[in-house]
Amino acid sequence: HDIAVMISDSPDDSELIASALREKGKDAVSATSFSANLARYIIKGEKTVEFSFDKTFGKSDIIEARVSFDIQMIDAQSGTVIKNFHVIKNYSGLSRESAERTTTKSALDSVNKKLS
């Protein structure tokens, strides 16, 4: 599914909108902390999640989530794709929800670093 990236001149508004989307279960990140030139770009992302049992602990109920993001940075003026990259993270949790939440946060942190 898509990641919503909020880019705004007003950090408060951008983070408020991103927080509201996160509360509704959407993956959203405020881009106001990124460099100012990102306002010229549209960031498009697609997230996929796969689950398996974590075999590190032998036979257990620990769930491993593998989250991957395919990201495109698009020039808002020309519509040209400027940059493509892929981020994959794996983390485990006691449930699918906790494993996905932790893994998604780590993957979004990596996306933010690659965009800054």
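These legends walk through several views of one predicted model.

**View 1. The whole chain, from end to end.** Welcome to the predicted model, a chain of 116 residues. Its secondary structure comes to 2 helices and 5 strands. Starting at the N terminus, the elements follow the pattern β-α-β-β-β-β-α. Of the residues in the chain, 34% count as buried. The exposed surface comes to about 7300 Å², with carbon and sulfur atoms supplying 51% of it. Among contacts with a separation of 6 or more, 52% are between residues 24 or more positions apart.

**View 2. An open sheet of 3 strands.** Here the strands line up in the order β3-β4-β5, with antiparallel pairing. At the edges stand β3 (41-53) and β5 (81-93); each has a single partner strand, so one side of each is left without a neighbour in the sheet. From one strand to the next, the twist averages 15°. As you look along the strands, it may help to know that side chains in a regular strand alternate between the two faces of the sheet.

**View 3. Where β3 meets β4.** This close-up follows β3 and strand β4, which covers residues 63-75. The two run antiparallel and are joined by 13 bridges. To find your way, look for Tyr41, whose bridge partner in β4 is Asp75.

**View 4. The hairpin of β4 and β5.** On to the other pairing, where β4 and β5 are antiparallel over 12 bridges. One pair to look for is Met73 with Lys83, its bridge partner in β5. The two strands form a hairpin with 5 residues between them. In the turn sits Gly79, which has a positive phi of about 80°.

**View 5. Helix α2 across the sheet.** Helix α2, residues 96-115, lies across β3, β4 and β5. The helix runs at about 150° to β5. How far apart are the end C-alpha atoms of α2? They are 28 Å apart, which agrees with the 28 Å that its 20 residues should span at 1.5 Å a residue. The buried residues of α2 include Ala99, Ala107, Leu108, Val111 and Leu115. Ser98, Thr103, Thr104, Ser106, Ser110 and Asn112 are also among the buried residues of this helix.

**View 6. A salt bridge between helix and strand.** The structure holds 2 salt bridges, and this view shows the one in which the side chains of Glu100 and Lys47 meet, at 2.8 Å from N to O. What does this pair tie together? Glu100 belongs to helix α2 and Lys47 to strand β3, so the pair links parts that are 53 residues apart in sequence. Are the two residues buried or exposed? Glu100 is partly exposed, with a relative accessible area of 23%, while Lys47 counts as buried at 4% relative accessibility.

**View 7. A salt bridge within helix α2.** The last close-up stays on the helix, where Lys105 forms a salt bridge with Asp109. The closest N and O atoms of this pair are 3.4 Å apart. Both residues lie in α2, 4 residues apart, or about one turn of the helix. Lys105 is exposed, with a relative accessible area of 54%. Its partner Asp109 counts as partly exposed, at 34% relative accessibility.

Methods
Residues numbered from 1 in each chain as written. Predicted model: local features only at pLDDT ≥ 70, side-chain atom pairs only at ≥ 80, totals over all residues. Heavy atoms only, no water. Pairing = 2+ DSSP bridges. Axes fitted to C-alpha atoms, helices over the stretch in contact; angles between N-to-C directions. Contact = heavy atoms within 4.5 Å. Buried < 20%, exposed > 50% of the residue type's maximum accessible area, 1.4 Å probe, protein only. Areas by Shrake-Rupley, 256 points an atom, 1.4 Å probe, with all protein chains shown as cover. Expected span 1.5 Å × (residues − 1). Salt bridge = Lys/Arg side-chain N within 4 Å of Asp/Glu carboxyl O.
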